[in-house]
Amino acid sequence: MLGRISTLAILAGLAYGAPALAAPSAAKVEAAAKAAQPKVIAWRRDLHQNPELGNQEVRTAALVAKELKALGFEVREGVGKTGVVGILKGGKPGKVVALRADMDALPVEEKTGLPFASKATATWEGKTVPVMHACGHDTHVAMLLGAATVLAGMKADIKGTVVLIFQPAEEGPQAGEEGGAKLMIRDGALDQPKVDAIFGLHIGPLDAHQLNYRPMGFYASSDRITITVKGKQTHGARPWAGIDMASIAADIVQAMNQIAARQVDVGLSPSVVTIATIHMGMRQNIIPEDLVMGGTMRTFSTERRADLIDKVQKSVAAIGDRYGAKAEAVFTQPYPVTYNDPALSKWVKASLSKASPGKVEDNGALVTGAEDFSMYAEKVPGVFIQLGGRPANVPAAGAPANHSPYFDIDEAVMETGVKAEVFMALDYLEKK
Ligand SMILES: [Zn+2]
Ligand SMILES: [Zn+2]
């Protein structure tokens, strides 16, 4: 009897063409993410012990390419120098969604004491430096490989195409090199095939399993500031015979602080203008001819960024004028604001809530750090989220932040990260 009903059901299905495949269920995603978790942890520990600096991610890229090929992805290697792009065409036609992970580590000497702590060194700007995954990009790669595993297991049911972008050099390339999202985009990461939307995440010391984001400006824009001043050298005992460069340096620092605190609407959005380096002089009794100052600027809107560049440049030039020196501020290495598409931000909350029920904050705090995910989100609508990874035994206050030699995460949160990525991708493809 049962057999006859089944046969009838199949025949009825055939009458309308191929039987309709259901979208992968949340339960199926959860079970697959749980099953993939031991592999995700193994990948993370392997990557953590073998970190590579920006544009040097050769071993990491080879591992990623090997795993993606084994999962049946179409793989492009050498994208944006050492980047890897994996493409999974689902069983049904539809849109194209991208997920992005960054692969690079930092010149930091690891002090976590983990059994799989890094002892690696590498060459960076001519020096031998220790290398550590101090920003958690090891977990990003491991989670995206986890998502690849889950997605590959439901390929036939996927409506559309998933593009996985494994990107080098998010932290910025060494001097004289290019790298990061800019080169991935140049090499077609968003065009082959044409991506409709992109999602990414970053792990950090928020409460474990927390998923935080906010619509519109989320991570700051970043610009490197270089200020050069040309004066007139004189004896330290006769400052009036030359130009007093130390006074100029002091005035510029005060002016930068004053611009950020007093000359822009701090109620609308904050800004940071930092002078971090001041180089001048050789001896205590010579006032030198040259002064070079370096710093960084952070904003949360393109209008504010343009306004601040103008204010800083005018202010620096005016201070120089006042002393009879030639002073100018130059802005380089621009990273745009990481802008979360407002409509997608609203929509994505349901997907994230499936990944981490009750632990989604859609009005998260602004982050004054910058992310080159912003460059993808300038080209296609995107949402970038933070994943809380603070181990339970580490108090929130004083928890080692990203880039600390003590930075570590609770590996259990990677399962949440994998689910968040898979749900965002699948739900987007099912989206009307
Ligand atoms: Zn970082
Ligand atoms: Zn990072």
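How far apart are the zinc ion (ligand 2) and the zinc ion (ligand 1), and which residue coordinates both? In this predicted model, the two zinc ions are 3.1 Å apart, and Cys 135 is the residue that coordinates both.

The zinc ion (ligand 2) is held by Cys 135 through SG, by His 137 through NE2 and by His 202 through NE2, at 2.0 to 2.4 Å. Along the chain, the donors of this zinc ion (ligand 2) follow the spacing C-x1-H-x64-H. Because Cys 135 lies in the loop between strand E5 (127–130) and H4, while His 202 belongs to strand E7 (residues 197–207), the pair ties together parts of the chain that are 67 residues apart in sequence. Both Cys 135 and His 202 are buried.

For the zinc ion (ligand 1), the protein donors are Cys 135 (SG), Glu 171 (OE) and His 403 (NE2), which lie 2.0 to 2.2 Å from the ion. The spacing of these donors of the zinc ion (ligand 1) along the chain is C-x35-E-x231-H. Here too the site links distant parts of the chain, with Cys 135 in the loop between E5 and H4 and His 403 in the loop between strand E18 (382–390) and helix H10 (413–430), 268 residues apart. Cys 135 counts as buried because its relative accessibility is 7%, whereas His 403, at 39% relative accessibility, counts as partly exposed.

Helix H4 (137–152), which follows the loop that holds Cys 135, is also among the elements that cover the buried residues of helix H3. Helix H3 (residues 58–70) consists of 13 residues and reaches 18 Å from its first C-alpha to its last, close to the 18 Å expected at 1.5 Å a residue. The buried residues of H3 are Thr 60, Ala 61, Leu 63, Val 64, Ala 65, Glu 67 and Leu 68. Besides H4, the cover over these buried residues includes helix H2 (26–49), strand E1 (74–79), strand E2 (83–89) and strand E6 (159–167). Just after H3, Gly 72 adopts a positive phi of about 90°.

A further part of the chain carries an annotation, since an unreviewed UniProt entry lists residues 225–320 as "domain: Peptidase M20 dimerisation". In the model, the end C-alpha atoms of residues 225–320 lie 16 Å apart, and the span is 39% helix and 30% strand.

An open sheet of four strands, with antiparallel pairing, has the order E12-E14-E10-E15. Strand E12 (272–280) and strand E15 (326–335) stand at the edges of the sheet with a single partner strand each, so one side of each is left without a neighbour in the sheet. From one strand to the next, the twist averages 20°. The pairing of E12 with strand E14 (residues 290–299) is antiparallel and extends over eight bridges, and the bridge partner of Ile 278 in E14 is Met 293.

Two helices, H6 and H7, are placed against these strands. Helix H6 (residues 245–262) lies across strand E10 (221–230), E12 and E14, and runs at about 170° to E12. Helix H7 (residues 302–323) packs on the sheet and touches E10, E12, E14 and E15, its direction making about 160° with that of E15.

How values were computed: Residues numbered from 1 in each chain as written. Chains lettered and ligands numbered in written order. Predicted model: local features only at pLDDT ≥ 70, side-chain atom pairs only at ≥ 80, totals over all residues. Heavy atoms only, no water. Expected span 1.5 Å × (residues − 1). Buried < 20%, exposed > 50% of the residue type's maximum accessible area, 1.4 Å probe, protein only. Contact = heavy atoms within 4.5 Å. Donors = N, O, S within 2.8 Å, 3.2 Å for Na, K, Ca; no water. UniProt positions renumbered as here; feature names shortened; annotations may be inferred. Pairing = 2+ DSSP bridges. Axes fitted to C-alpha atoms, helices over the stretch in contact; angles between N-to-C directions.
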